[in-house]
Amino acid sequence: MIRLFNFIDNNIMSFRQIMNDYAQQRWLRWYLPSATLPAHSVDCPECGLRVHLPKLRQGQQAQCPRCGHTLVRIENLAFQLPLACALAALILVSLVYSQTFAEITIGGIYTRLTLPEMVNSLLLRDFNFLSSILFLLTFGTPVLFLLLTIYVYASLITDKPFPYQLYATRLLARLNQWIMVDVFFVSALVADIKMSSVAQVKWGEAFWLMPVLALLLLRTTTAVPIHWVYHQIHRNENRELFQSADKQHICCTRCLYFRPNTERNCHICGSQLFDRRPRSLWISFCFLLAAMLLYIPANTLPIMISADPTRKMVNTIMNGIIYMWQDGDYMIAAIIFSASVLVPSLKIVSMLILLFSATIYPLMSVEKLSVQYRLTEAVGRWSMVDIFVIIILMTAFHTHIARVTPGPAAFYFCMVVILTMLSAYFFDMRLIWDWKTKSSQS
């Protein structure tokens with residue numbers, strides 16, 4: 001019996017050793033010394049805390065211990081994953097823009113919609129602004145982002161610096177917030193509820209591929225850690241990146257590398273170099289004030305005009321929501337109310353609270369204000385749902401039987417969304433954290 005137990009125990013130990021060796025070989029197969037980041041210091045771009053980072057390998061990330069902001073991250077497949085996602089997404093973009101998006105039949109009249117035809121239809125009817133918005137946010141910006149990703153990562157994989165690689169990376173880092181394929185898809189779901197009540201709607205291949213494209217775009221944006229990318233670019237060019245984290249150096253808020261305070265623009269990423277964003281509160285307030293002023297005509301003027309042979313309806317945002325609620329479309333009324341009224345209003349109030357807290361005195365704990373700022377920055381683009389719904393209805397219904405045209409409020413509301421996004425972008429959250437530092441020192 002003792003011999004049996006010893007035999008089993010020895011075999012278990014051998015099996016464990018084999019598995020450990022296999023795991024180690026598998027790790028060594030994927031581990032790339034060139035993908036690591038050496039130990040260095042960064043200043044958190046959200047709270048300003050100086051953080052000393054250990055050496056980071058593939059699949060690891062570092063967060064700010066004070067505010068929780070993700071500082072540095074490296075993908076498991078650091079070189080391959082972003083390139084694979086970008087290539088797959090680019091193929092899907094070509095399919096989404098070449099295939100049928102929807103087929104609509106109303107009163108015996110058949111309409112086939114593709115995304116290029118929707119853009120062209122708006123141009124032919126002289127709605128150039130809405131046509132540009134649709135093209136840029138659902139095609140132009142995503143395609144540019146994917147092409148830049150492929151260009152930059154092809155250079156990193158081949159270890160050959162391509163021309164204008166730094167300029168491509170700088171532009172790449174600024175495009176994330178302006179990719180709205182996911183917002184457009186949700187808008188199509190909302191428009192479907194409205195269109196199905198008056199017409200037969202059959203969604204095409206492009207519609208069903210769009211959520212896959214949205215997920216791939218999201219994964220591509222999260223798979224491109226800019227801090228790591230700049231390290232790889234300058235490592236290939238044998239440039240020294242890491243400098244002392246002292247009073248003679250400033251940590252760039254874009255690339256998170258320390259640079260001499262004598263530099264006007266960061267020599268790593270080309271961004272303006274500053275300890276705190278110059279005139280941040282004033283610029284943010286000006287954008288917010290413009291958004292508040294435009295929000296008045298956006299709510300009082302007609303945003304959509306619908307007509308059929310028997311009647312013509314001129315709707316403001318609230319009139320349209322009330323009409324849909326009374327008509328039994330509770331879900332679509334709730335979605336439009338949230339996207340067109342609740343989110344913009346809360347975002348304006350949120351930015352006013354943040355500006356007051358940074359200028360005069362924090363109205364709540366700095367930690368809560370930090371979470372509030374992240375939410376404000378994240379949800380702002382979803383207000384574009386109403387604009388996209390109008391665009392879809394316009395291109396679907398443009399005959400004498402049913403016609404939808406945008407009112408002047410569509411332009412104002414679109415500008416409100418863009419201006420509030422810019423207000424949040426230019427706001428420097430570190431100015432509020434400075435209040436906490438001052439109060440702890442006094």
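**Helix packing and local features of the predicted model**

Helix α9 meets helix α14 through Ser 280, Ile 283, Ser 284, Phe 287, Leu 288, Ala 290, Ala 291, Leu 294, Tyr 295, Pro 297 and Ala 298, which face Ala 409, Tyr 412, Phe 413, Met 415, Val 416, Leu 419, Thr 420, Leu 422, Ser 423 and Phe 426 of α14. By class, this contact has 17 nonpolar residues, 4 polar residues and no charged ones. The model is predicted. In it, the axes of α9 and α14 (residues 409-426) come within 8 Å. They cross at roughly 160°. This exceeds the 145 degrees above which a pair counts as roughly antiparallel, so α9 and α14 are roughly antiparallel to each other. The crossing of α9 with α14 is left-handed.

Ser 284 belongs to helix α9, which spans residues 280-300. Its relative accessible area is 0%, so Ser 284 is buried. Beyond neighbours within four places in sequence, Ser 284 is in contact with Met 351, Leu 355, Ser 423, Phe 426 and Phe 427. Of these, Ser 423 and Phe 426 also appear among the α14 residues that meet α9.

A second helix pair is formed by α4 and α5. Their axes come within 9 Å and cross at roughly 135°. The pair is therefore oblique. The crossing of α4 and α5 is left-handed. On the α4 side, the contact is made by Leu 144, Phe 145, Leu 148, Thr 149, Tyr 151, Val 152, Ser 155 and Leu 156. On the α5 side, the contributors are Gln 165, Ala 168, Thr 169, Leu 171 and Leu 172. The α4 contact with α5 divides into 9 nonpolar, 4 polar and no charged residues.

The loop between α4 (128-158) and α5 (165-172) holds Asp 159. Most residues other than glycine have a negative phi. Asp 159 has a positive phi, near 60°. With a relative accessible area of 46%, Asp 159 is partly exposed. Leu 256 also has a positive phi, near 65°. Leu 256 sits in the loop between β8 (249-251) and β9 (258-260). Its relative accessible area is 5%, so Leu 256 is buried.

Two further loop residues were examined. Phe 79 lies in the loop between β4 (70-73) and α2 (80-98). Phe 79 is buried, at a relative accessible area of 6%. Leaving aside neighbours within four places in sequence, Phe 79 is in contact with Leu 32, Ser 34, Ala 35, Tyr 153, Leu 156, Ile 157, Trp 228 and Gln 232. One of these, Leu 156, is also part of the α4 contact with α5. Phe 79 and Val 224 are 145 residues apart in sequence, yet their C-alpha atoms are 9.5 Å apart in space.

Arg 264 is placed in the loop between β9 and α9. Its relative accessibility is 72%, so Arg 264 counts as exposed. Not counting residues up to four places away in sequence, Arg 264 touches Gln 272 and Leu 273. The C-alpha atoms of Arg 264 and Thr 111 are separated by 56 Å, with their positions 153 residues apart along the chain.

Cysteine sulfurs were also examined. A disulfide needs two cysteine sulfur atoms within 2.5 Å. By this rule, the count is 0 disulfides. Cys 67 is in no disulfide. The nearest cysteine sulfur to that of Cys 67 belongs to Cys 44, 3.5 Å away. Cys 67 is buried, with a relative accessible area of 11%. Cys 414 also counts as buried, at 0% relative accessibility.

At the level of the whole chain, the model contains 15 helices and 12 strands. The protein chain has 442 residues, and 47% of them count as buried. Its C-alpha atoms fill a box of roughly 90 × 70 × 55 Å along the principal axes. Among contacts between residues at least 6 apart in sequence, 69% join residues at least 24 apart.

Note on methods
Residues are numbered from 1 along each chain as its sequence is written. This is a predicted model: local features need pLDDT of at least 70, side-chain atom pairs count only at pLDDT 80 or more; totals for chains, interfaces and linings use all residues. Side-chain values use heavy atoms; hydrogens and water are left out. Buried means under 20% relative accessible area, exposed over 50%, partly exposed in between (1.4 Å probe, protein chains only). Helices (H or I, at least four residues) and strands (E, at least two) are DSSP runs, numbered from the N terminus. Axes are lines fitted to C-alpha atoms, for helices over the stretch in contact, and angles run from 0 to 180 degrees between N-to-C directions. Angles under 35 degrees count as roughly parallel, over 145 as roughly antiparallel, 65 to 115 as roughly perpendicular and the rest as oblique. A crossing is left-handed if the near helix is turned anticlockwise from the far one by less than a right angle, and right-handed if clockwise. Contact means heavy atoms within 4.5 Å. Ala, Val, Leu, Ile, Met, Phe, Trp, Tyr, Cys and Pro count as nonpolar, Asp, Glu, Lys and Arg as charged, and the others, Gly among them, as polar.
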